[in-house]
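Me: I would like a close look at one part of this model. Please take me through the salt bridges slowly, and then through the rest of the chain.

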Amino acid sequence: MARGGGGKAGSLKDKLDGNELDLSLCDLSEVPVRELAALPKATVLDLSCNNLISLPSDFCSLMHLVKLDLSKNRLQQLPLDFGRLVNLQHLDLLNNRLVTLPVSFAQLKNLKWLDLKDNPLDPVLAKVAGDCLDEKQCKQAAVRVLQHMKVIQSEQDQERQRKLQAEREMEKKREAEQRAREAQERELRKREKAEEKERRRREYDAQRAAKQEMEKKTKKETVQTRKPASSSRPPQLPRHKHSWSRSVLRVLLLVLLCILCTLAVCKLTELRHQPLCISVNTLYEDVVAAVQNHKALQNLLHQNSQQ
């Protein structure tokens, strides 16, 4: 695409002369990458004396380029993947605004000619590039700059590798710390589980011991209760017998009291003429007579025994 210079650019095919495509002095502010990609035969491209400030990233897809002239533009930097132009042999960057080159520049292994004059280059890069006043100096500039960029690329690769190694070591350290924490947590859980198991075992043993002690105590109390019972049985026999004798005596006294009451009633009251009382009085008189005869017999026996 051209800004204010579309007529100058015209058709790219019309400007193609063999393998050379001249787009210089076309007042270009952007590179027509798509149209250039359609012309793979254009291995020599001249974009000098335009208004290019930068190159689009897809410019590096023009890998068929062998010679490229970007002199007398306003380029401030080259695309980071400029090294993709691996077939490039001749590069003219005269009179631009470049300070540094992309590290990928080291991949331009076929580069044999380079002009970096009239750019505000970094002092180190400017010293490495040197002058490009003739064919020999420009070829030497290409060799020296490529070597310099390879060193920078190697240093960056080493630094990247060191960072990657440091990140890996840090990751390993974090993983080791994580494993250590997990191991500590497992050990803590294992210890807590063992302590809990030991606590339950002690509680079980204590309950079992208390149960056994209770059984022993109960058995002992049972034995002690049975012993007094068996030893007290013989003394209790007279007690039961004494109680029975008292009961019999009470019954006899009650019967005697009843008899006396009956005699008193039959002797002293109007009921003495009743048949029951007559029988009772008769029985009483018979008993008295029997007792008297018994006493007379005892006296007689007593007298005979004295004689």
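Reply: A salt bridge is a side-chain nitrogen of Lys or Arg within 4 Å of a carboxyl oxygen of Asp or Glu. The structure holds 11 of them. Two notes come before the close look. This is a predicted model, in which local features need pLDDT of at least 70 and side-chain atom pairs need 80 or more, while totals for chains, interfaces and linings use all residues. Residues are numbered from 1 along each chain as its sequence is written, and side-chain values use heavy atoms, leaving out hydrogens and water.

Now the close look. Glu196, Arg199, Arg200 and Glu203 are linked in a network of salt bridges. Take the links one by one.

Start with Glu196 and Arg199. Their closest N and O atoms are 2.3 Å apart. The two residues sit three places apart in helix H5, so about one helical turn separates them. Helices here are DSSP runs of H or I with at least four residues, strands are runs of E with at least two, and both are numbered from the N terminus.

Next, Glu196 also meets Arg200. That salt bridge spans 3.6 Å from N to O. Both residues lie in helix H5, four residues apart, again about one turn.

The remaining pair is Glu203 and Arg199. The closest N and O atoms of this salt bridge are 2.4 Å apart. Helix H5 holds both, four residues apart, or about one turn. Put the pairs together: Glu196 bonds with Arg199 and with Arg200, and Arg199 also pairs with Glu203.

Are these four residues buried or exposed? Neither. Each is partly exposed. Glu196 has a relative accessible area of 31%. Arg199 has 33%. Glu203 has 38%. Arg200 has 45%. The cut-offs explain the label: buried means under 20% relative accessible area, exposed means over 50%, and partly exposed lies in between (1.4 Å probe, protein chains only).

Stay on helix H5, which covers residues 135–268. Leu249 lies in it too. Leu249 is one member of a nonpolar surface patch of about 620 Å². The others are Val251, Leu253, Val255, Leu256, Ile259 and Leu260. Such patches take residues with over 30% relative accessible area and no salt bridge, joining nonpolar side chains (Val, Leu, Ile, Met, Phe, Trp, Tyr) within 5 Å and like charges within 9 Å. Leu249 is partly exposed, because its relative accessible area is 49%.

Now the cysteines. The structure holds one disulfide, meaning a pair of cysteine sulfur atoms within 2.5 Å. Cys132 and Cys138 make it, with 1.4 Å from S to S. The torsion about their S-S bond is about 100°, so the disulfide is right-handed. Both cysteines are buried. Cys258, by contrast, is in no disulfide. Its nearest cysteine sulfur belongs to Cys261, 6.4 Å away. Cys258 is partly exposed, at 43% relative accessible area. Cys60 is buried, at 0%.

One loop residue deserves a stop. Thr43 sits between helix H3 (33–37) and strand S3 (44–46). Thr43 counts as buried, because its relative accessible area is 18%. What does Thr43 touch, not counting residues up to four places away in sequence? The list is Asn19, His64, Leu65, Val66 and Lys67. A contact means heavy atoms within 4.5 Å.

Finally, step back to the whole chain. The secondary structure comes to six helices and six strands. Read along the sequence, the pattern is α-α-β-β-α-β-β-β-β-α-α-α. The chain has 307 residues, and buried ones make up 24% of them. Among contacts between residues at least 6 apart in sequence, 34% join residues at least 24 apart. The chain exposes about 22,100 Å², and carbon and sulfur atoms supply 55% of it. Those areas come from the Shrake-Rupley method with a 1.4 Å probe, and for residues only the protein chains shown count as cover.

How confident is the predictor? The chain averages a pLDDT of 86, and 89% of the residues score at least 70. Over residues 1–10, the pLDDT is below 50. That stretch has 17 contacts in the model beyond near neighbours in sequence. The score, pLDDT, is the predictor's confidence in each residue, from 0 to 100.
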